[in-house]
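Hi,

Here is the structure I promised to pass on. Have a look at it first, and my notes on what turned up are underneath.

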Amino acid sequence: MLTAYYCTNIFSGQAKELIAFYRDILEIPFIKTEVDDANGVYLGFMENAPTLCIWDCKAFDAKPTGYQSFVFQTENLDGTIEWLKGKGLSLSEPVRYDWGTYELRLNDIDGNEVVIAEYA
């Protein structure tokens, strides 16, 4: 029987750079690490909640994970966009969808989709 959702593993050939993107650019908090600061790093917003865990696929002789789509929430998308532009990111225009979200979509360095949504 399943009891909880623990994490999403991302195996990357650029683990150190990918970790820096999520930790330094998007400022997703560091929760813990299994190996070191470039391998087995858990990022998330709360202890005991699902996290992103980034692994160096070369260290485990594993293939990179296929593309994922990660959805993050913000209370003020326009403010978040200005904050990200201040970090040097070039961004597309956000879209307001009929189903009630205002979203920005971008890709991390591995090509994973990052959706940042403001919910109406």
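**A helix across a sheet**

Let's start with helix H3, residues 77–85: it lies across S7 and S8, and runs at about 20 degrees to S7. Bear in mind that this is a predicted model.

Now for the strands under discussion. S7 covers residues 101–107 and S8 covers residues 113–119, and the two pair in the antiparallel sense over seven bridges. If you want a spot to click on, try Leu104, which stands opposite Ile116 in S8.

S7 and S8 belong to an open sheet of four strands, with the order S5-S8-S7-S6 and mixed pairing. At the edges you'll find S5 (69–73) and S6 (95–96); each has a single partner strand, so one side of each has no neighbour in the sheet. As a reminder, strands of a sheet pair through backbone hydrogen bonds, either parallel or antiparallel.

**Charged pairs**

How many salt bridges does the count come to? With N and O required to be within 4 Å, it comes to five. The general idea is that side chains of opposite charge can pair when their charged atoms come close.

Here are some you may want to look up:

- Glu113 and Arg105 form a salt bridge, with their closest N and O atoms 2.9 Å apart. Glu113 is partly exposed, at a relative accessible area of 24%, and Arg105 is partly exposed too, at 35%.
- Asp24 and Arg23 meet through their side chains in a salt bridge of 3.2 Å, N to O. Asp24 has 40% relative accessibility, so it counts as partly exposed; Arg23, with 30%, is also partly exposed.
- Glu34 and Lys32 make a salt bridge as well, at 3.7 Å from N to O. Glu34 is partly exposed at 44% relative accessibility, and Lys32 is partly exposed with a relative accessible area of 32%.

Why does Glu113 count as partly exposed? Buried would mean under 20% relative accessible area and exposed over 50%; Glu113 has 24%, so it falls in between.

One last thing on the charges: the Glu113–Arg105 pair is part of something wider, because a salt bridge here means a Lys or Arg nitrogen within 4 Å of an Asp or Glu oxygen, and by that rule Glu103, Arg105 and Glu113 are linked in a network. While you have the sheet on screen, Arg105 is worth finding, since S7 runs over residues 101–107 and Arg105 takes part in that network.

Cheers

Conventions:
Residues are numbered from 1 along each chain as its sequence is written. This is a predicted model: local features need pLDDT of at least 70, side-chain atom pairs count only at pLDDT 80 or more; totals for chains, interfaces and linings use all residues. Side-chain values use heavy atoms; hydrogens and water are left out. Buried means under 20% relative accessible area, exposed over 50%, partly exposed in between (1.4 Å probe, protein chains only). Two strands pair if DSSP finds at least two bridges between them. Contact means heavy atoms within 4.5 Å. Axes are lines fitted to C-alpha atoms, for helices over the stretch in contact, and angles run from 0 to 180 degrees between N-to-C directions.
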